[in-house]
Amino acid sequence: MRDQIDLLATVTVLGVLEQAYFAMQVIYARRKYKVSPPETTGHPEFERTFRAQANCSEYFPIFISLLWVAGIFFHQGVTAVCGLLYLYTRLRYFQGYAGAAQGRLGPLYASAWLLWALLGLALAGLLAHFLRPSSSTWMAALVWPLQLHGAW
């Protein structure tokens, strides 16, 4: 069983480490700009770092949920690649936002696109699972719409 989820587990741990890195950056910015908790306003660079970390944290549960559903029901390898790309775009988002608010836009759009892709993979996998229970491979999820139209 472990070999069926090892990539998902690895991406999950990398995601948790990334979240810890973001939180540490907020701590460093608090010290640098002397912003004591629970304050969330202060120097503009602190505010951007704080907001970037908060935004990344807000999307993390959605990412983890879609990662595991897509990985289990669609295909672990494809999902893990999407997950790694998502983590990379979130890192770029964080770095861009901390530097300047406009620096976040490109990575923001890329990470949103990857979440939609993971949602699509999860839905395809679940559809294949419930509508064709005898076949749980990712190929069945791809072929199933064609079979509905008589093209396969």
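These notebook entries record what I looked up in the predicted model shown above.

**Entry 1. The chain as a whole**

I began with the secondary structure of the protein chain. I counted five helices and zero strands. Read from the N terminus, the order of elements is α-α-α-α-α. I then looked up burial: 36% of the 152 residues of the protein chain count as buried. For contacts in the protein chain between residues at least 6 apart in sequence, I noted that 66% join residues at least 24 apart.

**Entry 2. Helices α1 and α2**

I turned next to the packing of helices. Two packed helices are described by the angle between their axes and by the distance between those axes. For α1 and α2 I recorded an angle of about 170° and axes 9 Å apart. An angle over 145 degrees counts as roughly antiparallel, and α1 is therefore roughly antiparallel to α2. I also sorted the residues in the contact of α1 with α2 by class, which gave 19 nonpolar, eight polar and three charged residues.

**Entry 3. The loop between α1 and α2**

I examined several residues in the loop between α1 and α2, beginning with K34. K34 is not a glycine, yet its phi is positive, at about 55°. Is K34 buried or exposed? Its relative accessibility is 71%, so I entered K34 as exposed.

P38 is found in the loop between α1 and α2 as well. I noted that the peptide bond joining P37 and P38 is cis, with omega at about 10°.

My third residue in the loop between α1 and α2 was T41. T41 has a relative accessible area of 49%, and I therefore entered T41 as partly exposed; the cut-off for exposed is over 50%. Leaving out residues up to four places away in sequence, I found that T41 touches V35, F46 and E47. I also looked up T41 and R30, which are eleven residues apart along the chain; their C-alpha atoms are separated by 10.0 Å.

**Entry 4. Helices α2 and α3**

I then looked at helix α2, residues 44–73, and helix α3, residues 76–99. The two pack at an angle of about 175°, and their axes are 9 Å apart. From this angle it follows that α2 and α3 are roughly antiparallel to each other. By class, I recorded twelve nonpolar, eight polar and four charged residues in the contact of α2 with α3.

**Entry 5. Helices α3 and α4**

For α3 and α4, I found an angle of about 160° and axes 8 Å apart. This makes α3 roughly antiparallel to α4. I noted the crossing of α3 past α4 as left-handed. Which residues make the contact? From α3 I listed V78, T79, C82, L85, Y86, T89, R90, R92 and Y93. From α4 I listed P107, L108, A110, S111, L114, L115, L118 and L121. By class, the contact of α3 with α4 has twelve nonpolar, three polar and two charged residues.

**Entry 6. The nonpolar cores**

I next looked for groups of buried nonpolar residues. In soluble globular proteins, nonpolar side chains tend to be buried together. The largest nonpolar core here has 18 residues. Which of them touch the most other members? I found V11, F63, Y86, L118 and L121. At least two residues of this core come from each of α1 (2–33), α2, α3 and α4 (105–131). The largest share, six residues, is supplied by α2.

Apart from this core I found another, of six residues, among them A52, C56, F94 and Y97.

I followed one member of the largest core, L121, in more detail. Setting aside neighbours within four places in sequence, I found L121 in contact with A70, F74, V78, T79 and C82.

**Entry 7. One residue of α4**

I closed with W116, which I located in helix α4. Is W116 buried or exposed? The relative accessible area of W116 is 62%, and I therefore entered W116 as exposed. Lastly, I looked up W116 and L66: 50 residues separate them in sequence, and the distance from C-alpha to C-alpha is 9.4 Å.

Note on methods
Residues are numbered from 1 along each chain as its sequence is written. This is a predicted model: local features need pLDDT of at least 70, side-chain atom pairs count only at pLDDT 80 or more; totals for chains, interfaces and linings use all residues. Side-chain values use heavy atoms; hydrogens and water are left out. Axes are lines fitted to C-alpha atoms, for helices over the stretch in contact, and angles run from 0 to 180 degrees between N-to-C directions. Helices (H or I, at least four residues) and strands (E, at least two) are DSSP runs, numbered from the N terminus. Angles under 35 degrees count as roughly parallel, over 145 as roughly antiparallel, 65 to 115 as roughly perpendicular and the rest as oblique. Ala, Val, Leu, Ile, Met, Phe, Trp, Tyr, Cys and Pro count as nonpolar, Asp, Glu, Lys and Arg as charged, and the others, Gly among them, as polar. A nonpolar core is a set of buried Ala, Val, Leu, Ile, Met, Phe, Trp, Tyr and Cys residues joined through side-chain atoms within 4.5 Å. Buried means under 20% relative accessible area, exposed over 50%, partly exposed in between (1.4 Å probe, protein chains only). Contact means heavy atoms within 4.5 Å. A crossing is left-handed if the near helix is turned anticlockwise from the far one by less than a right angle, and right-handed if clockwise.
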